[in-house]
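Got the viewer open? Here's a short walk through the model, one selection at a time.

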Amino acid sequence: GNTTLPVNLTALTMYTVTIRPFPLDSAVTLAGEGGYEQTEGTNSITVPEGTKVTYVVSKSSLDPFNGSLVVSENKEIDVVLNATITLVSDPEDAVKKINNKGSSLSVPCNTSPTWAVSKNGYISQSGTIEKNNDGYIVTQTVNVVLEKQTYLFAISALPVDATISITVDGN
């Protein structure tokens with residue numbers, strides 16, 4: 001005979017995750033636990049509620065970004081990639097700062113970080129890293145050569161036939 005069994009079906013609530021990258025032409029890869037794949041030609045993936053989604057945003061000359069979330073609603077995620085700026089100086093032991101921090105710093109690519117290089121006995125230099133025509137900066141090394149500070153002295157002896165001797169301390 002036939003046996004009838006009760007079956008309870010639960011509808012899965014599906015949600016869409018969309019990554020909005022900057023720069024806009026960055027590569028976006030999304031994957032959902034359980035084999036869910038991103039919708040072809042988009043930066044989106046649709047998965048059941050409670051699914052873990054991982055994503056990678058990358059572009060040449062910028063730092064890649066990895067993220068993940070457990071999906072509980074439709075979500076749009078803005079991802080701004082970072083650029084790593086490194087300062088190199090001559091003399092090497094000069095104080096180097098990007099955005100008043102260290103000599104190498106990862107910063108959002110849609111910003112214009114400032115840099116400064118200084119050392120006693122040298123003329124300090126500073127500047128701003130400007131965005132390209134597409135509105136972002138890329139990973140780069142900034143080479144800065146400091147010039148020695150020079151001084152000009154006018155010395156007069158009184159009486160005129162006095163002997164003058166000069167001693168210089170330092171570099």
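Which residue's side chain does Lys75 meet in a salt bridge? Select Lys75 and Glu73: their side chains meet there, at 3.7 Å from N to O. Keep in mind as you go that this is a predicted model. Color the two by accessibility and you'll find Lys75 partly exposed, with a relative accessible area of 34%. Glu73 is partly exposed too, at 43%.

**Stop 1: a small network of charges**

Salt bridges that share partners join Arg20, Glu76 and Asp78 into one network, so select these three next. Side chains of opposite charge can pair when their charged atoms come close. Start with Arg20 and Glu76, whose salt bridge spans 2.6 Å from N to O. That pair links distant parts of the chain: Arg20 sits in strand E1 (residues 14-22) and Glu76 in strand E7 (residues 75-80), 56 residues apart.

Now swing over to Asp78, which also meets Arg20 in a salt bridge, this one at 2.7 Å from N to O. Because Arg20 lies in strand E1 and Asp78 in strand E7, this pair ties together parts that are 58 residues apart in sequence. How open are the three to the outside? Arg20 counts as partly exposed at 39% relative accessibility, while Glu76 counts as exposed at 51% and Asp78 is exposed at 53%. The count of salt bridges comes to 5.

**Stop 2: an open sheet**

Next, show the strands as a cartoon and look for E3, E2, E5 and E6. These 4 strands form an open sheet, in the order E3-E2-E5-E6, with antiparallel pairing. Strand E3 (36-37) and strand E6 (65-70) stand at the edges with a single partner strand each, so one side of each has no neighbour in the sheet. Zoom in on strand E5 (residues 52-58), which is joined to E6 by 6 bridges. To see one opposing pair, select Val53 and Leu69: Val53 stands opposite Leu69 in E6.

**Stop 3: Trp115 and the core**

Which residues touch the most other members of the largest nonpolar core? They are Val17, Ile19, Leu30, Tyr55 and Trp115, in a core of 33 residues. In soluble globular proteins, nonpolar side chains tend to be buried together.

Select Trp115 and display what surrounds the residue. Leaving out residues up to four places away in sequence, Trp115 touches a list that includes Leu87, Ile98, Gln125, Ile129, Val142 and Val144. Lys97 is also among the residues that Trp115 touches.

**Stop 4: strand E9 and its loop**

Stay in this area and pick strand E9, which pairs with strand E11 (residues 114-118) in the antiparallel sense over 4 bridges. One bridge to find is Lys96, whose partner in E11 is Val117. In a regular strand the side chains alternate between the two faces of the sheet. On E9, Lys96 and Ile98 are on the covered face, and Val95 and Lys97 are on the uncovered one.

Step back to Glu92, in the loop between strand E8 (82-90) and strand E9 (95-98). Is Glu92 buried or exposed? Glu92 counts as exposed, at 71% relative accessibility. Draw a distance between the C-alpha atoms of Glu92 and Trp115 and you'll get 15 Å, for residues 23 apart along the chain.

**Last stop: a nonpolar patch**

Finish on the surface by selecting Tyr151, Phe153, Ile155, Ile164, Ile166 and Val168. Together they form a nonpolar patch with about 740 Å² of accessible area. Click on Ile155 to land in the segment after strand E13 (140-145).

Notes
Residues numbered from 1 in each chain as written. Predicted model: local features only at pLDDT ≥ 70, side-chain atom pairs only at ≥ 80, totals over all residues. Heavy atoms only, no water. Patch = residues over 30% accessible without salt bridge, like charges linked within 9 Å, V, L, I, M, F, W, Y side chains within 5 Å. Areas by Shrake-Rupley, 256 points an atom, 1.4 Å probe, with all protein chains shown as cover. Salt bridge = Lys/Arg side-chain N within 4 Å of Asp/Glu carboxyl O. Helix = DSSP H or I, 4+ residues; strand = E, 2+ residues; numbered from the N terminus. Pairing = 2+ DSSP bridges. Buried < 20%, exposed > 50% of the residue type's maximum accessible area, 1.4 Å probe, protein only. Core = buried A, V, L, I, M, F, W, Y, C linked by side-chain atoms within 4.5 Å. Contact = heavy atoms within 4.5 Å.
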